[in-house]
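Colleague: I am new to this structure and would be grateful for a close look at a single part of it, the open sheet of four strands. Please place that part within the whole before describing it.

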Amino acid sequence: MVTTQKFYAKNITQTSENTVWNSTNPQNPRKYRQFVNLDALKADDSNYATCSNLAGKNGTHNRPSTVTFTNFNISLPTDIIIKKIVVGYAHNKVSYSSKTAYPNVGAPTISLINVSASGKGNAVPINYSKYTKSFTISPNRSKIISSNFGVKINYPVNSNTNPGAIKLGYCWVQVVYEKVQKQVSGAVKKTTTSTNTQIVEDIVGINSTATSVFVGDTCLIDVDVTTSAANTPLKFEIDLGEDFTFVEKTEGDGTITSDDGLFWEVLTANTTAHIQFSVIGATVGTHYIIITDVTNPNDTKIVKKIGIVTLAEQLVCYPSLPTDGIENDTITYTLEVFSTNPLAVNKELEVTLPPEIVIDGVDTDYGSATFENGAEKNLITWEVEFQEQHAEIEITVDLTSSGVYSQVFKDITDDEHVINTCSIHVKPETLTVPFYSITEVADEMYNRFGQGVNYNVSCYMKVEITDDPETVADEQDLFETYAYNYRLGVVQGDFQNEIEMLEIAEWSDPISNLSEWQLLTVNFNFEEGKPIHIIRTGEYIENQATFMDVYFSEACIIEQSVNDGFELPGNYPVPIHGINTPIGYNDDLEDVEEDAIVSPSVFNMAKLENTTGVRLYDLDTDELVLLNAVVEGVSVHLDVQTDKSTNLLCKLIMPNGKVGSRSINLEDETNGPISIGGKFDLWGLDFEDFNIESLEDVEIEVIAQNPYLYDSVLEITNALLEYHYLELDDSFIEFWISKEQTIDEDTGKTVEKWISSRYYNMSLRNAEGVLGANNDVSYYQVPGSDKTIPYLSNIVSKDLDLEFSIGNCSIEEATIFLQRVGNLFSNRRDEFDKPYLNKIKFSHIPDIFYEFILENRIKEKIETGIYKCTVSLNIPSGTAYSIEESVTVSQGANNGIAKVSPTIQLLALEDTVDLTERKTGQNLNIITTGTNDITPNDYIIIDCENMKVTKNTLEEDGTFTTVDITDHVDFDSKWFSIIGEYDFDAGETALVQNVRFRERW
């Protein structure tokens, strides 16, 4: 019989907001945003925790904190088998600006702690929705009841630019288990008769449905009692402790007295009684109301503990006070407040403003509000009446003086505490227009914009103040940001004057500190037909602007949906085109036309600094004519001059996306040509990467690196790329060797990485031992007769003898080729020096390959400038293997010359598998052990070659859980080997889906 139990965590923690989860951009590391009201997750009710002020993807706190649930106090019977762990949760997202501008937070990863299981949940929806995540696992009971068991909910980052909030609630764990059936014999003899008292129903509702309550709120407790005999007098003591205050009996039977403790006395008419009473939550935490049967003072016992979670109420404020204003203006703004308490009704709140912000009036439909302006502060007192956990007030103020002023919002209902603080920068009315730089986007870029598409503009800015102690007494006091200064802006459309330009622009936030490079960003939605201007502003003209030095980088415009951030300004050489001028340091310039002379590229590097990569592309390969050739090496030649030792990194960027790299150290005062790479250096790339038809698309990247504690200057000119190639002869037999496997990008499957003999200038002359096998045969000589009987035959290893030559080049180059051939044939070894088998195949028999070991050296001799070589490869298996894998269903044939051990895939129909090969009678049984047993619809993989069985279980989220169940194979089973015809059958225990093997030849 399957049983389920549901449990709630007593301990809930989350990631700190100071934790950096993405530090790839040091200027703005990304951090977590914490949830408030985590105690709401300790009960299954309508309350929830809220991750408020979650930033958009470009903001700092743009990822909800990871929440960890532990201490579930799980109690399970012994002698059980756990079948499934189910995690329940509910969540939704909240928009702060409109009905469509929601944050976008994908599916969280839900993990079980102390048990190896995890999977994706459901993405965060708009409407509050309940979900479950099931894990079909069978962990030991001890791991589940352990205090180390827990659940982790790990949310991804907000993937769009909309800020908002996430609500999380309804979090629990359900354990599904099956009792181990036991048979018990015996008899029970009833010797006495007594009246049994038992509370069979406890809470049917707190606030109708809740099992939690906020501090100060009233909740109802319902208790039902049943006895085996009618009209039984009962008396119960109700212990509220110091965590609850009794209010009154609201309905039900009997009486409640509270003179000396709280007692319920009742007579069970018709064997049942009911009472309902109300209490007030007094302290935050998980508390218990204990009910004790004291009917018999000499035999008292606790009959029920009622658990209730008492929560602290949280208020969240969203003021619309503008960040900027103008002296002597009047502004009206709203202040919204939300309560996490669904029963919130009345609160006393207070808004404090400085004397310079004079209150003109207040208006609210949520309670009543009064205000008073004073000499030291201006005060609004708001008696709030919440409606559906929400209230708002409209405030009108006069900005009587310039400066930076703060608004403080407090809850003074009981203990005074601050809910929110925000500031407004009031600009002096004498300030008109800041200094600014304006750039119109060129037609070439403008024509790339798309109607209605959102774009992001970014640049870096830094402000420094002239160091003049006589005129600048306090730099930070002089530096102040108002509505339009020290910002990045975007203007779409025409404007009549500077004031209109400032008013219609979209603005970034201002920079916040002096002498620091800070990233400024602003978004805009493109409207076709309107010109676009980029603006950077400095100080206001009337405010000592001449003391301010403003620095800024070039602006970068990126479509918002693909914006992954803004890189710091690059350190490029000047002039950048000097790197590929054909004039070297040692060239005679007298005969060179003056227009052709370009200064070298100068790389300036501070200590421990690298330059930005300089990319050379669109290489001139018009004179490079290659037909039947292969690139053997690459060299990059440069003319350099350096004052101090430094490093140079060079990269080859291939058309297929792969990158090779080489580096070189330049010693002090290096002056002249250098080379990187060489005739037989492919820069870590493969022969196939150098497609002779696309060599013109190869690019070079040069990066200067200064790892020393001094500044350095490097000049580079006359960059040249040289290909070293080999023209091929088609008259010889080609073969391929594989020493490793790789992943095919199109299919995702593992494939051999074959290397052609053509790349090594080898001409195969002869191959012996290609076909057939060596057999070790044992014979029996019949005594007294001329008959010899072969009684045992085994295929044994053989040698594959190759003859080849290396030539058509200088003897020095042929020697290098021979060294590389030796490396090609040699076997790699693991950490224990066990050799890996190489593979070889031939163009004249393309359907098979051999696995080999090179035991002895290559034998070579020089004849007329050509190396003639022989090599003997040992074939441990004694046979070749088919290139293509044979795949059949249950019936088929192995047509090779030797037995093979197949891999068989089954679909389980029962919890055991009985698989038989009918032609030979071989049989393999998979049985149950009580742990990781097969369930119907599991995929079973039987690997006979490696004598291993695995089961793959399809989970609800579409992923597979793989478990090794080799220990479930019955001891008298046979690992299948087949030759000729075969027929596999698993009866009603499983379906044979496929049989895989490679034939041997």
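Modeller: The overall dimensions come first: the protein has a radius of gyration of 41 Å, whereas a compact globule of 1001 residues would have one near 30 Å. The model is a predicted one. Its C-alpha atoms fill a box of roughly 115 × 105 × 50 Å along the principal axes. Within this box the protein has five helices and 70 strands. Buried residues account for 43% of the 1001 residues. Of the contacts with a separation of 6 or more, 74% are between residues 24 or more positions apart.

The sheet you asked about is open and consists of four strands, arranged in the order β24-β26-β31-β28 with antiparallel pairing. Its edges are formed by β24, residues 315-319, and β28, residues 357-363, each of which pairs on one side only. On average, neighbouring strands of this sheet are turned by 25° against each other, with direction ignored. In general, the strands of a sheet pair through backbone hydrogen bonds, in either a parallel or an antiparallel manner. Here, β24 is joined by five bridges to β26, which spans residues 330-339, and these two strands run antiparallel. At one position of this part, Pro319 stands opposite Leu335 in β26.

For context beyond the sheet, the nonpolar cores may be considered. The largest nonpolar core has 68 residues, and Leu648, Phe690, Phe804, Phe825 and Ile840 have the most contacts inside it. Strand β44, residues 629-642, supplies the largest share of this core, namely seven residues. Apart from this core lies another, of 39 residues, which includes Leu38, Phe149, Val151 and Ile153. Returning to Leu648, its contacts beyond four places in sequence include Leu638, Ile664, Val702 and Ile716.

Finally, the confidence of the prediction deserves attention. The mean pLDDT of the protein is 84, and 91% of its residues reach 70 or more. Among the elements, strand β66, residues 939-943, has the highest mean pLDDT, 95, and strand β14, residues 197-201, the lowest, 36. Over residues 181-210 pLDDT stays under 50, and the model has 51 contacts beyond four places in sequence for them. Residues 471-476 likewise stay under 50, with ten such contacts in the model. Where pLDDT is low, predicted coordinates should not be read in detail.

Methods
Residues are numbered from 1 along each chain as its sequence is written. This is a predicted model: local features need pLDDT of at least 70, side-chain atom pairs count only at pLDDT 80 or more; totals for chains, interfaces and linings use all residues. Side-chain values use heavy atoms; hydrogens and water are left out. Two strands pair if DSSP finds at least two bridges between them. Axes are lines fitted to C-alpha atoms, for helices over the stretch in contact, and angles run from 0 to 180 degrees between N-to-C directions. pLDDT is the predictor's confidence in each residue, from 0 to 100. Contact means heavy atoms within 4.5 Å. A nonpolar core is a set of buried Ala, Val, Leu, Ile, Met, Phe, Trp, Tyr and Cys residues joined through side-chain atoms within 4.5 Å. Buried means under 20% relative accessible area, exposed over 50%, partly exposed in between (1.4 Å probe, protein chains only). The radius of gyration is taken over C-alpha atoms; the globule rule is 2.2 Å times the number of residues to the power 0.38.
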